[in-house]
Amino acid sequence: MKRPLVDYESGSGSESECGSPSDKPETSPADIPPQLKRRQTGTRAPSSAPAPTPAAPLDRSSGTHTIPPKPAPKPTSSLPPIPDRLTDLYSSNARTAVADDPSLHQGRQRQVPHIPGNWPSHVYIEWLPGWEDRELLSSLVDKLQTKVAFAAQRYPDLEGVKINTALRDPELPVDKPLHISLSAPITLTSKNKDAFLDDLTRAIRSSGVSPFVVDFSGGVDWYRSEESTRSFLVLRVHEVQNIGTTADSSPNPRLTTLLQQCNKTVKDYGQSPLYDSQDMGCRFHVTIAWTHARPSESLKQLTDSLFDDCKTMHSENVSIRDKLRTGSSFPVDTVKAKIGNYVTRFVLRDKGHSFVKTE
């Protein structure tokens, strides 16, 4: 039987009480959309008879009929969005080789080599973009790749640069969830993974962080860590301050608190912390694309020009940058920990409510 390959960039899993990976979430009949029923209307016109076309309004000044423009079609669906619990069940692609082979994964290499008996792990906040946000970001990544390929004829530092999307699975026509990392890729053992999960539970519970909202007013940037072999196109995250509260000195006080608690826990298990520096509050982001090339000045300028181009949005005076700054946000009410292929959810509660941990 083929074993699934862990994918660090997406997180998702099952939900149950902690420490029992065999438990799976049950699907309620209420979650299944009702079947469409055929209406009994008595008689109906033959299928070959076309529907009558309304006459176009008459322009009395010229004596001609004017056909009004057709409105742009809007996406409609009677089906509810896929719940994140379902994506938790399929958080990894199928393993196609026993050894790590970058050629099978768009040239990506593991930061932490896989060792049998170890459990690659990750702590993160998941974001499932809505249709409008996903179409906006997908359009941006596709246009950026096209512009890079065209500009490579004039700028040698863009030659051979390929932009890969983080929004879709490269092998399947499936949308991928995005995330804000609260840990670097870490490795646990079969002996300490359960203890780590218990300690992480206490750490998140003691943080006192309630649900909050983040947006992307921090802008767009290219990011590459020293240990990484890839560069990432990221949206900088910024917390939306609640009305009546005073902003903390950190631009992301709640995210910073959660990260500090996670860093303390992973260091207790001999793992490297994430953003362990004075500017950690400014480094939270969501990755939307990546490339193996280092981000040259030409690539940065091309990316900025695309984000500031009002024509890209097909509307007047609204750039992608402004659209993301003013129109895109999502609530943060859950932290996830992925250990191997099992995902545990830590539900943040308002003050006065109990803390909930599920798997």
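## A tour of strands and helices in a predicted model

Begin with the open sheet of 3 strands, whose order is β12-β9-β14 and whose pairing is antiparallel. Its edge strands are β12 (238-240) and β14 (329-332), each of which pairs on one side only. If you look along the sheet, the twist from one strand to the next averages 40°. Keep in mind throughout that this is a predicted model.

Next, select strand β9, residues 212-215, together with β14; these two pair in the antiparallel sense over 4 bridges. To find your place within the pair, label Phe212 and look across to β14, where Val332 is its bridge partner.

**Strand β11 and its neighbours**

Now move to β11 (231-236), and colour its residues by accessibility. Is this strand mostly covered, or mostly open? It is mostly covered, since 6 of its 6 residues are buried. The burial applies to both faces: Ser231, Leu233 and Leu235 are buried on one side, and Phe232, Val234 and Arg236 are buried on the other. This arrangement can be read against a general pattern, in which the side chains of a regular strand alternate between the two faces of the sheet.

With β11 still selected, add β10 (220-223), which pairs with β11 in the antiparallel sense over 4 bridges. Tyr223 is a useful label here, with Phe232 of β11 as its bridge partner. Then add β13 (285-291); β11 and β13 also pair in the antiparallel sense, over 6 bridges, and Ser231 stands opposite Thr291 in β13.

**Helix α5**

Select α5, residues 297-307, and show its side chains. Ser298, Leu299, Leu302, Thr303, Leu306 and Phe307 are buried in this helix. Why do these residues lie on the same side of α5? They cover an arc of only 165° around the axis, and this puts them on the same side of the helix. Turn the view to the other side of α5, and you will find Glu297 and Gln301, which are exposed. To see what the buried residues of α5 pack against, display α2, β10, β11 and α6.

**Helix α6 and its contact with α5**

Keep α5 on screen and add α6, residues 320-327; the two helices pack at an angle of about 65°, with their axes 6 Å apart. The two are therefore roughly perpendicular to each other. Zoom in on the contact, where Asp304, Leu306 and Phe307 in α5 meet Ile320, Arg321 and Leu324 in α6. By class, this contact of α5 with α6 has 4 nonpolar and 2 charged residues, and no polar ones.

Now consider α6 for itself, in which Ile320, Arg321 and Leu324 are buried. They cover an arc of only 110° around the axis, which puts them on the same side of α6. What covers the buried residues of α6 includes α2 (131-151), β10, β11 and α5, so that line of sight is worth following with those elements displayed.

**A last stop at Tyr275**

Finally, select Tyr275, which lies in the loop between α4 (253-268) and β13. Which backbone angle deserves a look here? Phi of Tyr275 is near 50°, a positive value in a residue other than glycine. For context, most residues other than glycine have a negative phi. Tyr275 is also buried, with a relative accessible area of 9%.

Technical notes:
Residues are numbered from 1 along each chain as its sequence is written. This is a predicted model: local features need pLDDT of at least 70, side-chain atom pairs count only at pLDDT 80 or more; totals for chains, interfaces and linings use all residues. Side-chain values use heavy atoms; hydrogens and water are left out. Axes are lines fitted to C-alpha atoms, for helices over the stretch in contact, and angles run from 0 to 180 degrees between N-to-C directions. Angles under 35 degrees count as roughly parallel, over 145 as roughly antiparallel, 65 to 115 as roughly perpendicular and the rest as oblique. Contact means heavy atoms within 4.5 Å. Ala, Val, Leu, Ile, Met, Phe, Trp, Tyr, Cys and Pro count as nonpolar, Asp, Glu, Lys and Arg as charged, and the others, Gly among them, as polar. Buried means under 20% relative accessible area, exposed over 50%, partly exposed in between (1.4 Å probe, protein chains only). The arc is that of the directions from the helix axis to the C-beta atoms. Two strands pair if DSSP finds at least two bridges between them.
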